[in-house]
Amino acid sequence: MASSITAQELEALSSKANAAKEAAYCPYSKFRVGAALLTQSGEFITGANVENASYPVGTCAERVAFGTAVVAGHRQFKAIAVATDIKPPASPCGMCRQFMSEFTSRSFPVYMYDKDMNCNVITMGELLPNSFGPEDFER
């Protein structure tokens, strides 16, 4: 899959996603997730999962990163990297897939890293086929 990000951007993106795992608050599952989002303007915004004793109240790393970016005024993004401590890499959950589709295109790349930083990459269109998004309101 062709990507619009440079090798340097990808290296920084993966490094920042891996480092973001350190900020994870996951005392219940012990499942650390870090995410790094590359904005169209070249900024990197990170997120980590934040659990809660009432499990549904927790927030995933991907949504933390996108929420932080949106609050900072960003609306256009180049790529996201997600890093976990398992092998093979874990993909974003269904809720995160839908959330990310609000701000991305079908060709938006999602880089997923395992505990050894091996990478799987997939597009949003492959990750969430037949998605419902803002364009559906224009019909």
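Two strands count as paired if DSSP finds at least two bridges between them. With that criterion in place, I turn to the structure, which is a predicted model.

I begin with β1 and β2. Strand β1 covers residues 33-39, and strand β2 covers residues 44-48. The two run antiparallel and are joined by 5 bridges. Within this pairing, Gly-34 has Ala-48 of β2 as its bridge partner. Together β1 and β2 form a hairpin, with 4 residues between the strands. One residue of the turn, Gly-42, has a positive phi of about 95°.

Strand β1 also pairs with β3, again in the antiparallel sense, this time over 7 bridges. Here Leu-38 stands opposite Ala-79 of β3.

Which strand pairs with β3 in the parallel sense? That strand is β4, residues 109-113, and the pairing extends over 4 bridges. Ala-81 has Tyr-111 in β4 as its bridge partner. Between β3 and β4 the chain passes through helix α3, residues 94-101, and this β-α-β crossover is right-handed. As for solvent exposure, β3 is mostly covered, with 8 of its 8 residues buried.

Let me now place these elements in the whole chain. The protein contains 4 helices and 5 strands, and their order from the N terminus is α-β-β-α-β-α-β-β-α. The radius of gyration is 14 Å, close to the 14 Å that the globule rule gives for 139 residues, so the protein is as compact as a globular protein of that length. The C-alpha trace spans about 45 × 35 × 30 Å along its principal axes. Of the 139 residues, 42% are buried.

I close with the empty space in the model. Rolling a probe the size of a water molecule over the atoms shows where such space is left. What volume does the largest pocket have? The value is about 330 Å³. This pocket is lined by 19 residues, and those closest to its centre are Phe-31, Asn-49, Glu-51, Thr-59 and Cys-60. Helix α2, residues 61-71, and strand β3, residues 77-84, each supply at least two residues of the lining. Strand β3 therefore enters this account in two ways: its 8 residues are buried under a cut-off of 20% relative accessible area, and the strand contributes to the pocket lining. By residue class, the lining divides into 10 nonpolar, 7 polar and 2 charged residues.

Notes. Residues numbered from 1 in each chain as written. Predicted model: local features only at pLDDT ≥ 70, side-chain atom pairs only at ≥ 80, totals over all residues. Heavy atoms only, no water. 1 Å grid on protein atoms, 1.4 Å probe; cavity = no way out; pocket = protein on both sides within 12 Å on 5 of 7 lines; lining within 4 Å. Points joined across faces, edges and corners; volume = space filled by probe spheres on them. Nonpolar A, V, L, I, M, F, W, Y, C, P; charged D, E, K, R; others polar. Buried < 20%, exposed > 50% of the residue type's maximum accessible area, 1.4 Å probe, protein only. Right-handed = clockwise from strand over helix to strand, strands pointing away. Rg over C-alpha atoms; globule rule 2.2 N^0.38 Å.
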